[in-house]
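Biologist: I'm new to this one, so could you walk me through it? Let's have the structure up first.

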Amino acid sequence: MKTVGSYNHNFTFPISFLFFFLFSTSAFAQSKTYTYQSVGISHIQFQEDLNLEKNISLDKDYASLRGTVIQFQKQTSVQGLGFSMGAIAGLGRAVAAGSGGTLSYSGGAQWFLLGVTPKIYYRLTKPISFGVQGLAFYKSTKWADYNGITATSKHNFNFAVLGDLTMQLTDYIEFVQSAGSINGDATLWKIGLNYLF
C-alpha cells in the first residue's frame with residue numbers, strides 16, 4: 001500500500017541539506033568578515049628631485065617636503081587578512097637643499113597633494129597588523145625663480161610602496177606608521193592617528 005506523502009519525503013534530506021549549507025555558509029561569512037571605516041591625520045615627510053635651468057645651463061637638485069595629510073579609508077578583513085582602499089589629501093612646505101653641481105638654487109614653496117592609498121595587511125594579533133600600502137598621488141608645487149634659476153619638480157605624479165605598521169590603542173583609535181620608497185629614488189615616511197567608526 002502506498003504511503004501518503006512518501007513522494008515528498010524523498011526530497012526532505014537534499015532540501016534540508018541545501019538550506020543548512022546556504023545558511024551556515026552565510027552565517028560563517030558574516031561572523032568572520034569585518035568592515036569598518038577610518039579617518040586620520042598624519043605627518044608626512046619625503047624628498048623629491050628638482051630640475052634646475054638657467055639660460056642654456058641645466059642641473060639637478062633635491063628638495064625636502066614636510067606636511068600634514070588627512071586620510072579616509074574603508075577596510076575589510078577576513079580572519080587575519082585585510083584590504084583597504086582610501087583617499088588622501090594634504091599640504092605642507094618644501095625647501096630646496098641648494099646642492100646643485102653647477103647651479104645653486106635656494107628657496108621654499110608650498111605644496112598640496114591628492115591621492116589614493118590601497119593596502120593589504122595581516123593582523124598579527126588583535127591590536128597589531130603589518131601591511132603593504134600603495135600611495136599614488138598628484139602633487140602641485142610652484143617654485144619661485146632664484147637668481148635667474150628656474151626650478152621645477154621632477155615628478156608631479158608620484159608613486160610609493162610603503163611598509164605599514166598599525167597598532168590599535170583603543171576601540172576607536174589606532175596608531176599607524178608607514179615608510180618606504182617613493183618614485184624609486186627617495187624615501188617617504190608617514191606617522192599618525194586614525195579614528196575608527
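Biologist: What does the secondary structure of the protein chain come to?
Modeller: Keep in mind that this is a predicted model. From the N terminus on, the elements run α-α-β-β-β-β-β-β-β-β-β-β. That comes to two helices and 10 strands.

Biologist: Among contacts between residues at least 6 apart in sequence, what share joins residues at least 24 apart?
Modeller: The chain has 197 residues, and buried ones make up 34% of them. Of the contacts between residues at least 6 apart, the share that joins residues at least 24 apart is 61%.

Biologist: Which strands each supply at least two residues of the nonpolar patch?
Modeller: The patch is formed on the surface by Val39, Ile41, Ile70, Phe72, Tyr172, Tyr195 and Phe197, with about 690 Å² of accessible area together. Tyr172 sits in the loop between β8 (157-168) and β9 (173-182). The strands that each supply at least two patch residues are β1 (33-54) and β2 (57-78).

Biologist: Is Ser38 buried or exposed?
Modeller: Ser38 lies in strand β1. Leaving aside neighbours within four places in sequence, Ser38 is in contact with several residues, including Phe72, Glu174, Tyr195 and Phe197. Its relative accessible area is 1%, and the cut-off for buried is under 20%, so Ser38 is buried.

Biologist: Which side chain does the side chain of Ser38 make a polar contact with?
Modeller: Gln75 is one of the residues in contact with Ser38. The polar contact spans 3.4 Å between side chains, and the partner of Ser38 is Gln75.

Biologist: How many residues apart are Lys139 and Glu48?
Modeller: The count of salt bridges comes to three. In one of them the side chains of Lys139 and Glu48 meet (2.8 Å, N to O). Lys139 is in strand β6 (residues 128-141) and Glu48 in strand β1, so to speak distant parts of the chain, and the pair is 91 residues apart.Biologist: What parts does the salt bridge of Asp49 and Lys154 tie together?
Modeller: Their side chains meet at 3.9 Å, N to O. Asp49 lies in strand β1 and Lys154 in the loop between β7 (150-153) and β8, so the pair ties together parts that are 105 residues apart in sequence. Asp49 is partly exposed, at 26% relative accessible area, and Lys154 is partly exposed too, at 42%. The parts tied together are strand β1 and the loop between β7 and β8.

Biologist: Is Asp164 buried or exposed?
Modeller: The side chains of Asp164 and Lys119 meet in a salt bridge (3.2 Å, N to O). This pair links strand β8, where Asp164 is, with strand β5 (residues 119-123), where Lys119 is. Lys119 is buried, with a relative accessible area of 5%. At 4% relative accessibility, Asp164 counts as buried.

Notes: Residues numbered from 1 in each chain as written. Predicted model: local features only at pLDDT ≥ 70, side-chain atom pairs only at ≥ 80, totals over all residues. Heavy atoms only, no water. Helix = DSSP H or I, 4+ residues; strand = E, 2+ residues; numbered from the N terminus. Buried < 20%, exposed > 50% of the residue type's maximum accessible area, 1.4 Å probe, protein only. Contact = heavy atoms within 4.5 Å. Patch = residues over 30% accessible without salt bridge, like charges linked within 9 Å, V, L, I, M, F, W, Y side chains within 5 Å. Areas by Shrake-Rupley, 256 points an atom, 1.4 Å probe, with all protein chains shown as cover. Salt bridge = Lys/Arg side-chain N within 4 Å of Asp/Glu carboxyl O. Polar contact = N/O pair within 3.5 Å; in protein donor to acceptor, adjacent residues only side chain to side chain.
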